[in-house]
Amino acid sequence: MRCRRLLSCFGAIGLALAMAQGAEAASRTEFHQSAPSPVLGRAIPYAVYVPDGQPAAGERWPVLYLLHGLTGRDGDWFTWGNLATILDRLIASGEIRPMVVVAPGAGDSWYVDNSDTGSLGRMETALIEDFIPAIEARLPTAACRDGRAIGGLSMGGYGALFLTLRHPDEFRAVISLSGAIAEPMGPGDPRLHADFVRDLYKGSYGEPIDRDRFNALNLFTLAAATQASSDPVRIWMAIGDQDYPELRRAGGRLAKALVAQGYPVEQRSGEGRHFWDYWQRAIEPALTWLSPQLTTRCD
């Protein structure tokens, strides 16, 4: 339809822009949320991105649980990571389908169970048994393996792989960005007495660090003991070319170990360091890889 008057044209343009802005703003990001955890005896904080509208009739939204790094917190992916803006753009362009993204806060727990006095508690068990069911009870997410994925950065990249290898029936796919991956410790390993290791693991594997405990929960140990099923978890691992050399080496070796066990692994690298400027870029191809693998219907 042609605009007969200049003011009419401006009015139509203004209305279109307002409608577009309204559509972009229709998704919501909620901070300062919490889910009860009987396992921990306290609530688990989280932030969540909820897309516009509602799932189609008979469908539910796919869901990605996204973990933070060391010293991080539940809102990091949406503040430092600018993730809501990224999701809005990818969904609007059709590059990914609408999905829920949930970012729990787990402290410096390394996402493992720890019953030591003064520890953060049985975080692995709490996330699987308490947190995920609480999210599925609150939001219309696909409450089955084929509708769920997990990911994270740095400590969260380790945590995502750890939880996936420990609970392969829970997740269809996993994303590890700059995963804080380390090989098992041998007898007399210098890491056992290194100050930086104490600062890094925060007592998650005992204080002082318990080598046997660390090795039992190590990704290389889990990979060696976990043959992929006939319908394996799909794995995406990415790290920047300016990241810590030890993480790059360990990540490459772990990827080979997982492939040897039958897991499909996508590896990516590119310009970037161990920081948010890299993770903001790296999450985009990871999301476009992930989206078609997740279902909106659970049988």
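What follows is a walk through the sheet, the helices packed on it, the nonpolar cores and a few single residues of this predicted model.

The model is predicted, with local features needing pLDDT of at least 70, side-chain atom pairs counting only at pLDDT 80 or more, and totals for chains, interfaces and linings using all residues. Residues are numbered from 1 along each chain as its sequence is written, and side-chain values use heavy atoms, with hydrogens and water left out.

The sheet makes a handy starting point. It is an open one of 8 strands, in the order 1-2-4-3-7-8-9-10, and its pairing is mixed. Strands and helices here are DSSP runs numbered from the N terminus (E, at least two residues, for strands; H or I, at least four, for helices), and two strands pair if DSSP finds at least two bridges between them. The edges are taken by strand 1 (28–35) and strand 10 (265–270); each has a single partner strand, so one side of each is left without a neighbour in the sheet. From one strand to the next, the twist averages 20°. Angles of this kind run from 0 to 180 degrees between N-to-C directions, and axes are lines fitted to C-alpha atoms, for helices over the stretch in contact.

Strand 2 (residues 44–50) has a partner on each side. With strand 1 it pairs in the antiparallel sense over 6 bridges, and Glu 30 stands opposite Val 48 there. Strand 2 is also joined to strand 4 (residues 100–104) by 4 bridges, again running antiparallel. In that pairing, Tyr 49 has Val 101 as its bridge partner, while Ala 47 has Ala 103. Of the 7 residues of strand 2, 6 are buried, so this strand is largely enclosed by the rest of the structure. Buried means under 20% relative accessible area, exposed means over 50%, and partly exposed is in between (1.4 Å probe, protein chains only).

Further along the sheet, strand 7 (148–153) and strand 8 pair in the parallel sense over 5 bridges, with Leu 153 opposite Leu 177 in strand 8. As for strand 8 (173–177), 5 of its 5 residues are buried, so it is largely enclosed by the rest of the structure. Ala 173, Ile 175 and Leu 177 point one way from strand 8, Val 174 and Ser 176 point the other way, and all are buried.

Two helices lie across these strands. Helix 3 (residues 83–92) covers strand 1, strand 2, strand 3 (63–67) and strand 4, running at about 30° to strand 2. Helix 10 (276–290) lies across strand 3, strand 7, strand 8, strand 9 (234–240) and strand 10, at about 160° to strand 8. The axes of helix 3 and helix 10 come within 11 Å and cross at roughly 35°. On the helix 3 side, the residues that meet helix 10 are Leu 83, Ile 86, Leu 87, Arg 89 and Leu 90; their counterparts in helix 10 are Gln 280, Ile 283, Glu 284 and Leu 287. Contact means heavy atoms within 4.5 Å. Sorted by class, this contact has 6 nonpolar, 1 polar and 2 charged residues. In this count Ala, Val, Leu, Ile, Met, Phe, Trp, Tyr, Cys and Pro are nonpolar, Asp, Glu, Lys and Arg are charged, and the others, Gly among them, are polar.

Nonpolar side chains tend to be buried together in soluble globular proteins. A nonpolar core is a set of buried Ala, Val, Leu, Ile, Met, Phe, Trp, Tyr and Cys residues joined through side-chain atoms within 4.5 Å. The largest one has 59 residues, and Tyr 65, Val 102, Phe 131, Tyr 205, Leu 219 and Leu 254 have the most contacts inside it. Apart from that core lies another, of 33 residues, including Leu 64, Leu 87, Leu 287 and Leu 290.

Past helix 10, two residues in the segment that follows are worth a look. Ser 291 lies in this segment and counts as buried, at 5% relative accessibility. Leaving out residues up to four places away in sequence, Ser 291 touches Ile 96, Arg 97 and Met 99. Thr 296, in the segment after helix 10, is buried too, with a relative accessible area of 14%. With residues up to four places away in sequence not counted, Thr 296 touches Gly 58, Glu 59, Arg 60, Pro 62 and Arg 97.
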